[in-house]
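Me: Please give me a close look at one part of this model, the stretch of paired strands, and then follow the chain outward from there. Please state the cut-off behind each term when you use it.

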Amino acid sequence: MAEQNQDPLREYRAKRDFARSPEPQGNGMRRGKKPVFVIQLHDAGTRHFDFRLEIDGVLKSWAVPKGPSTDPADSRLAVPTEDHPLDYADFEGVIPAGEYGGGTVLLWDAGTFRNLREQKQEPVDLPRSYAEGKIEVWLEGQRLRGGYALIRTEEGADGRWLLIKMKDDEADPARDPATEEDTSVRSGRTLAEIAAEEQEQA
Ligand code: MN
């Protein structure tokens, strides 16, 4: 609850050594009118997906071990992590072993979104939705489209959330993109190809 007046990226920067990690330091500005989302496949100690939504000038972030589902009946655990800078939405590469989050990062999906949440026919803005632990957004990605809800199921800043496909025309229980799709939407590369190419450059 504290730290509201501090730099929102303080925790992000404190965890990283930018002399070693190629990750962005977070000096970028937002680029477009529509807020962005990004999903990164991250092969750290354990392979997981990182789901990030632009809210209040940062990327609010959750680690989603199994990745997003397109099946409304299949909710996925989402563990909140520190806010990331907006320019992290462009990051793909290798964080050196031994550094925080060491491992390969692949841009698994990216796009824009709009806020869906209303209460009594009035829009509920994203910062309030985040604080209340109830977010509803329409994603316009390359792999994911349609409504997704993020619902906090435990109180507290570290409380767990669930990522749930909402019921709409974009729902599709027959798809399983988190298992079936393993290339970058930006470069077409797999995790192994990104790791190999970055090693050649080093
Ligand atoms: Mn991660």
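Reply: Two strands are said to pair if DSSP finds at least two bridges between them. The strands and helices themselves are DSSP runs numbered from the N terminus, with at least two residues for a strand (E) and at least four for a helix (H or I). This is a predicted model, in which local features need pLDDT of at least 70 and side-chain atom pairs count only at pLDDT 80 or more, while totals for chains, interfaces and linings use all residues. Residues are numbered from 1 along each chain as its sequence is written, and side-chain values use heavy atoms, with hydrogens and water left out.

A good place to begin is strand β9, which covers residues 134-141. Six of its eight residues are buried, so strand β9 is largely enclosed by the rest of the structure; here buried means under 20% relative accessible area, exposed means over 50%, and partly exposed lies in between (1.4 Å probe, protein chains only).

Strand β9 has partners that can be followed residue by residue. With strand β6, which covers residues 103-115, β9 pairs in the antiparallel sense over five bridges, and within that pairing Phe 113 has Leu 139 of β9 as its bridge partner. With strand β10, at residues 145-152, β9 again runs antiparallel, and seven bridges join the two. The connection between β9 and β10 is a hairpin that passes through three residues. Two positions help to fix the register of this pairing: Glu 140 has Arg 145 of β10 as its bridge partner, and Glu 136 stands opposite Ala 149 in β10.

Ala 149 also leads onward to the next strand, since five bridges join β10 to strand β11 at residues 161-165, the two running antiparallel. In β11, the bridge partner of Ala 149 is Ile 164. Ala 149 can therefore be placed between two named partners, with Glu 136 opposite it and Ile 164 as its bridge partner in β11. When you look along these strands, bear in mind that in a regular strand the side chains alternate between the two faces of the sheet.

Going back to strand β6, one residue links this part of the fold with the surroundings of the metal. Thr 104 has its place in strand β6, and at a relative accessible area of 8% Thr 104 is buried. Leaving aside neighbours within four places in sequence, Thr 104 is in contact (heavy atoms within 4.5 Å) with Leu 41, His 42, Asp 43, Gly 93, Val 94, Leu 191, Ile 194 and Ala 195.

One of those contacts, His 42, is itself a donor of the manganese ion. Donors are N, O and S atoms within 2.8 Å of the metal (3.2 Å for Na, K and Ca), and because water is not among the atoms, sites may look incomplete. The protein donors of the manganese ion are His 42 through ND1, His 48 through NE2 and Asp 50 through OD, which lie 2.2 to 2.3 Å from the ion. Along the chain these donors follow the spacing H-x5-H-x1-D. His 42 is buried, at 8% relative accessible area, and Asp 50 also counts as buried, at 5% relative accessibility.

Outside these parts, the chain has some residues that are exposed. Asp 56 lies in the loop between β2 and β3 (58-64), and has a phi near 60°, which is a positive value in a residue other than glycine; its relative accessible area of 62% makes Asp 56 exposed. Gln 121 lies in the loop between β7 (118-119) and β8, where its phi is near 65°, again a positive value in a residue other than glycine. With a relative accessible area of 71%, Gln 121 is exposed.

Glu 122 belongs to strand β8, residues 122-123, and at 51% relative accessibility it counts as exposed. The C-alpha atoms of Glu 122 and Asp 43 are separated by 41 Å, the two residues being 79 residues apart along the chain. Asp 43, as noted above, is among the contacts of Thr 104.

Finally, Glu 193 is found in helix α4, at residues 191-201, and is partly exposed, with a relative accessible area of 38%. The C-alpha atoms of Glu 193 and Gly 156, which are 37 residues apart along the chain, are separated by 39 Å.
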